[in-house]
Amino acid sequence: MAPIVEIKDLTKSYRRGNQSIIVLENISLSIEDGDFLALMGPSGSGKSTLLNLIAGLDKADSGSIKVAGIDISLLSESMLAKWRSENVGFIFQFYNLVPVLTAFENVELPLILTNLSKKERKEHVTTALNLVNLEDRVDHYPRQLSGGQQQRVAIARAVVTDPTMIVADEPTGDLDRASAEEVLRLMERLSSDIGKTIIMVTHDPRAAKKANNMKYLEKGVLANAPEASFSECL
Amino acid sequence: MLLKLLFRNAFRHKLRAGLTICGICVAILAFGLLRTVVSAWYAGVDASSSTRLVTRNAISLIFPLPLSYKDKIRGVEGVKIVSLGNWFGGIYIEEKNFFANFAVDSKTYLDLYPEFVIPPDQKLSFLKERKGCVVGSKLANRFGWKLGDTIVLRGTIFPGKWEFILRAIYKGRDKTIDESQFFFHWDYLNETMKKILPRRADQVGFYMIGMSSPDIAASTSKSVDSLFKNSFAETLTETEKAFQTSFIALSQTILTVIQLVSLVVIVIILAVVANTMAMSVRERMNEYAVFKTLGFGGFYLSILILGESLLITAIGCAIGIIATFPAADAFARAVGDFFPIFNISLRTLYLDMLAALIVGVVAAIFPIWRAISVPIASGLGRAG
Ligand SMILES: Nc1ncnc2c1ncn2[C@@H]1O[C@H](COP(=O)(O)OP(=O)(O)OP(=O)(O)O)[C@@H](O)[C@H]1O
Ligand SMILES: [Mg+2]
């Protein structure tokens, strides 16, 4: 089976003043359908940058990124937006829920862009919220929820559109141990029960252990996690 | 759902939203009142008929014309009615009780002004009474005058105490008609002057001409004026509108200032609303980045931000307009004597709404541009 994500010779640099800093250099990477990949590495190594490129939030300087056969580096800005809404579920470190919307409405948000009826949307949202065990919190606003609960709402929002893959940038970075554990268990279940492809950036080795695959990024170069540097990171 | 979001966004900061709405409301109120003052000023002009011409002394309004001109003017082609009158300038008890009072050739004058509606019996008794006078209903109410009352005016241009008997009260045909004028018989004035100051008898302040059609105004004015060319009292004939406007021209500068101030008010409130929107949007950059991440394009962001801006201005505008009515009433009561007609015109309300719309749209432009152009990654970077 062809890999769901196929990255070839990806290079990305940022311009700061008149000098440009190379953040990612000649990255090549394949991710199989259903993989739960943990992306690790020291701070500033370019993990978020790589994740943003895969998720179609940013453009690379050169190289190609194919997701389910589509080369997203060729898509225009607006096509990319449409592609994201159909193919990517996002989980952020700081949850990024809309504070004036209830848990239900936050999860419903990405469905606004689909042509589902109101009734169908309600079914989808309810299913997603059940999946994260928050069926009793539908009418709560984010400020009425704990960090862990907010992150679970965010997970529901990420899966409600049934995307091709889910990207998560340090999803447990802002959580206490128990909540982090819960969030990770959920992500594990998404991977094992539903077979979702998940790409997760993390600093937390315990989080990385839940994944079934791991890549290590250092100074913009990708390596298979060597045991030595892995424990260094600990 | 977007609508719900838009509403909740608008009132996320209750104090800020409240203050902004308050500001818009006050601005619209001020704008509306100022516009109404301007239109009150022009009310006389708008109410004037285009089939009426005014002939006055070419040198200045304060110089009279001979009575003999009347028949000559009547001979001009296109002239149907000729009436005449003098600004009397009488004072009722005190100077502050100012109102316009004229001595006019009553029969012809009332024929020229069908917009002054008088019950036929009152009109008859006014015409029969030598000292009779007719006043507008607003003026009658102001001083509590009733039919049959004797009213004494102190002359300023024409010396002495002048006694009149109120015989008729007119109403305007519509709201644009000034109901606070005072008319009496020119013959009464002239006969009295013959007795006390014969030198000043048979002198007319202005002739009022009724034409058969408004189209011949230019040619008729020219023929009238050419009649008296090179005579000792040359004339200037213009439409009633132009005549009124020349009065107003004196205060043109003030009007310009008022109009300018009303614009400045709008510009200030634009700055306030723009600031509110810019603040709100800057705080929510991270949220807009999330929207963009989820695939919402510039169209949705524009709707959200523009909608919020318009919602706030619309509420402020609505309250402002509602408040304009009692405020205008109070204003009219305070200074009503100077503005016989003080109505909030539909035009003013439209201008209010137009101003609010422009403010709402313009205030949203920059925030929308910001929200759309900020790259997603740096927008998300503001998280936490
Ligand atoms: N918008 C930007 N403009 C300029 N430089 C940037 C930008 N975004 C990231 N960088 C630089 O790119 C490098 C990689 O950043 P990135 O956020 O990908 O690191 P990271 O591995 O996610 O780090 P962390 O673990 O701290 O999140 C850093 O040196 C950073 O300073
Ligand atoms: Mg990062």
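A polar contact is a pair of N or O atoms within 3.5 Å. In this predicted model, a backbone N or O atom of S45(A) meets that limit, lying 3.2 Å from an oxygen atom of ligand 1. The points below deal with the surroundings of ligand 1 and then with two helix pairs, one formed by α5(A) and α6(A) and the other by α11(B) and α13(B).

**Polar contacts of ligand 1**

- Besides S45(A), whose backbone N or O atom is 3.2 Å from a ligand oxygen, G46(A) places a backbone N or O atom 3.0 Å from an oxygen atom of ligand 1.
- S48(A) contributes through its side chain, a polar atom of which lies 2.7 Å from an oxygen atom of ligand 1.
- Taken on its own, ligand 1 has 630 Å² of accessible area, and the protein covers 65% of it.

**The shell around ligand 1**

- Two elements of chain A, β1 (5-16) and α1 (47-54), each give two or more residues to the shell around ligand 1, and α1(A) gives the most, with 3 residues.
- The shell holds 13 residues, of which S43(A), G44(A), K47(A), S48(A) and T49(A) come nearest to ligand 1.
- By residue class, the shell around ligand 1 is made up of 7 polar, 3 nonpolar and 3 charged residues.

**Helix packing in chain A**

- Helix α5 (residues 147-159) and helix α6 (residues 177-194) of chain A have axes that come within 9 Å and cross at roughly 15°.
- Because angles under 35 degrees count as roughly parallel, α5(A) is roughly parallel to α6(A).
- The crossing that α5(A) makes with α6(A) is right-handed.

**Helix packing in chain B**

- Helix α11 (residues 285-293) and helix α13 (residues 346-373) of chain B pack with their axes 9 Å apart, at an angle of about 55°.
- At that angle, α11(B) and α13(B) are therefore oblique to each other, and α11(B) passes α13(B) in a right-handed crossing.

Technical notes: Residues are numbered from 1 along each chain as its sequence is written. Chains are lettered from A and ligands numbered from 1 in the order in which they are written. This is a predicted model: local features need pLDDT of at least 70, side-chain atom pairs count only at pLDDT 80 or more; totals for chains, interfaces and linings use all residues. Side-chain values use heavy atoms; hydrogens and water are left out. A residue is near a molecule or strand if one of its heavy atoms lies within 4 Å of it. A polar contact is a pair of N or O atoms within 3.5 Å; within protein, one must be able to donate a hydrogen and the other to accept it, and residues adjacent in sequence count only if both atoms are side-chain atoms. Accessible areas come from the Shrake-Rupley method with a 1.4 Å probe; for residues, only the protein chains shown count as cover. Helices (H or I, at least four residues) and strands (E, at least two) are DSSP runs, numbered from the N terminus. Ala, Val, Leu, Ile, Met, Phe, Trp, Tyr, Cys and Pro count as nonpolar, Asp, Glu, Lys and Arg as charged, and the others, Gly among them, as polar. Axes are lines fitted to C-alpha atoms, for helices over the stretch in contact, and angles run from 0 to 180 degrees between N-to-C directions. Angles under 35 degrees count as roughly parallel, over 145 as roughly antiparallel, 65 to 115 as roughly perpendicular and the rest as oblique. A crossing is left-handed if the near helix is turned anticlockwise from the far one by less than a right angle, and right-handed if clockwise.
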